[in-house]
Amino acid sequence: MSVLGKLAKIRAELEAHHEDPWHTKVEAVVRGKDAISTAALLDLLRVPATTSTARRLAAVMRSLHFIPIKSRRLMPGGRAGNTVTRGWARPVRAMKSSPTTTRAGGTGLNLQGIIP
């Protein structure tokens with residue numbers, strides 16, 4: 001094995017050693033989910049809901065490319081009341097415009113792609 005190969009192997013071992021043990025657990029819990037509340041995540045991990053555990057969870061969720069949100073939808077019962085909870089969501093990418101679609105009220109191509 002070359003020197004660069006050995007260096008890459010050692011670097012990967014060090015990164016794996018310094019990775020938070022929660023990373024694999026959280027990754028398994030959020031697989032297939034678009035959004036989840038912080039309280040629900042802490043319950044699923046079976047850890048107390050304290051500031052320090054929430055901050056540790058925040059670091060793991062950011063490393064998994066989730067973004068923090070505040071939402072009423074994550075609460076049991078949904079949209080009722082003024083209660084807002086914090087949680088995590090996967091970022092949604094904006095759709096790119098297509099040459100076959102028209103902008104509302106703008107000039108340009110129609111739905112068939114023909115210029116009027």
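Two aromatic rings of Phe, Tyr or Trp (its six-membered ring) count as a pair if their centres lie within 6.5 Å. By that rule, this structure holds zero aromatic pairs. Keep in mind on this tour that the model is predicted.

**Stop 1: the whole chain**

Show the cartoon first. The protein has four helices and three strands. Follow the chain along its sequence and the pattern reads α-α-β-α-α-β-β. Now switch on the surface. The protein exposes about 9300 Å², and carbon and sulfur atoms supply 57% of that area. Of its 116 residues, 20% count as buried. For the contacts with a separation of 6 or more, 46% come from residues 24 or more positions apart.

**Stop 2: the sheet**

Select residues 35–37, 67–71 and 85–89. The first two ranges are β1 and β2; the last is β3. Together they form an open sheet of three strands. What is the order of the strands? It is β1-β3-β2, with antiparallel pairing. β1 and β2 stand at the edges, each with a single partner strand, so one side of each has no neighbour in the sheet. Look along the sheet next. Neighbouring strands are turned by 35 degrees against each other on average, with direction ignored.

Strands of a sheet pair through backbone hydrogen bonds. Go through the two pairings here. Three bridges join β1 to β3, and the two run antiparallel. Pick S37 to see one of the bridge positions: its partner in β3 is G87. On the other flank, five bridges join β2 to β3, again antiparallel. Pick S71 there; T85 of β3 stands opposite.

Colour β3 by burial. How many of its five residues are buried? Four are, so β3 is mostly covered.

**Stop 3: helix α3 on the sheet**

Select residues 38–45. This is helix α3, which packs on the sheet and touches β1 and β3. The direction of α3 makes about 75 degrees with that of β1.

Zoom in on T38, which belongs to α3. Is T38 buried or exposed? T38 counts as buried, because its relative accessibility of 16% is under the 20% cut-off. Show its surroundings. Leaving aside neighbours within four places in sequence, T38 is in contact with A54, L57, R86, G87 and W88. G87 is also the residue that bridges to S37.

**Stop 4: the loop between α3 and α4**

Move on to R46, in the loop between α3 and α4. Check its backbone. Most residues other than glycine have a negative phi. Phi of R46 is near 60 degrees, a positive value in a residue other than glycine. R46 is exposed, with a relative accessible area of 76%.

**Stop 5: helix α4 and W22**

Select residues 51–63 for helix α4, and pick T53 within the helix. T53 is buried, with a relative accessible area of 12%. Which residues does T53 touch, not counting those up to four places away in sequence? They are W22, L42 and P48.

Stay on W22 and add R56. R56 lies over the face of W22, at 4.2 Å from the ring centre.

**Stop 6: the loop between α4 and β2**

Two residues of this loop are worth picking. Begin with L64, which lies between α4 and β2. L64 counts as buried, at 14% relative accessibility. Not counting residues up to four places away in sequence, L64 touches H23, V26, E27 and V30. Draw a distance from L64 to V30. Their C-alpha atoms are 9.5 Å apart in space, while 34 residues separate them in sequence.

Now select H65, in the loop between α4 and β2 as well. Is H65 buried or exposed? H65 is exposed, because its relative accessible area of 61% is over the 50% cut-off. Its backbone deserves a check too. Phi of H65 is near 70 degrees, a positive value in a residue other than glycine.

**Last view**

Set L64 and H65 side by side: L64 is buried, whereas H65 is exposed. Then return to the cartoon and find β3 again, with β1 joined to it by three bridges and β2 by five.

Key
Residues are numbered from 1 along each chain as its sequence is written. This is a predicted model: local features need pLDDT of at least 70, side-chain atom pairs count only at pLDDT 80 or more; totals for chains, interfaces and linings use all residues. Side-chain values use heavy atoms; hydrogens and water are left out. Two strands pair if DSSP finds at least two bridges between them. Axes are lines fitted to C-alpha atoms, for helices over the stretch in contact, and angles run from 0 to 180 degrees between N-to-C directions. Contact means heavy atoms within 4.5 Å. Buried means under 20% relative accessible area, exposed over 50%, partly exposed in between (1.4 Å probe, protein chains only). Accessible areas come from the Shrake-Rupley method with a 1.4 Å probe; for residues, only the protein chains shown count as cover. Rings of Phe, Tyr and Trp (its six-membered ring) pair if their centres lie within 6.5 Å; planes under 30 degrees apart count as stacked, over 60 as edge-to-face and the rest as tilted. A charge sits over a ring if NZ of Lys or CZ of Arg is within 6 Å of the ring centre and within 35 degrees of the ring normal.
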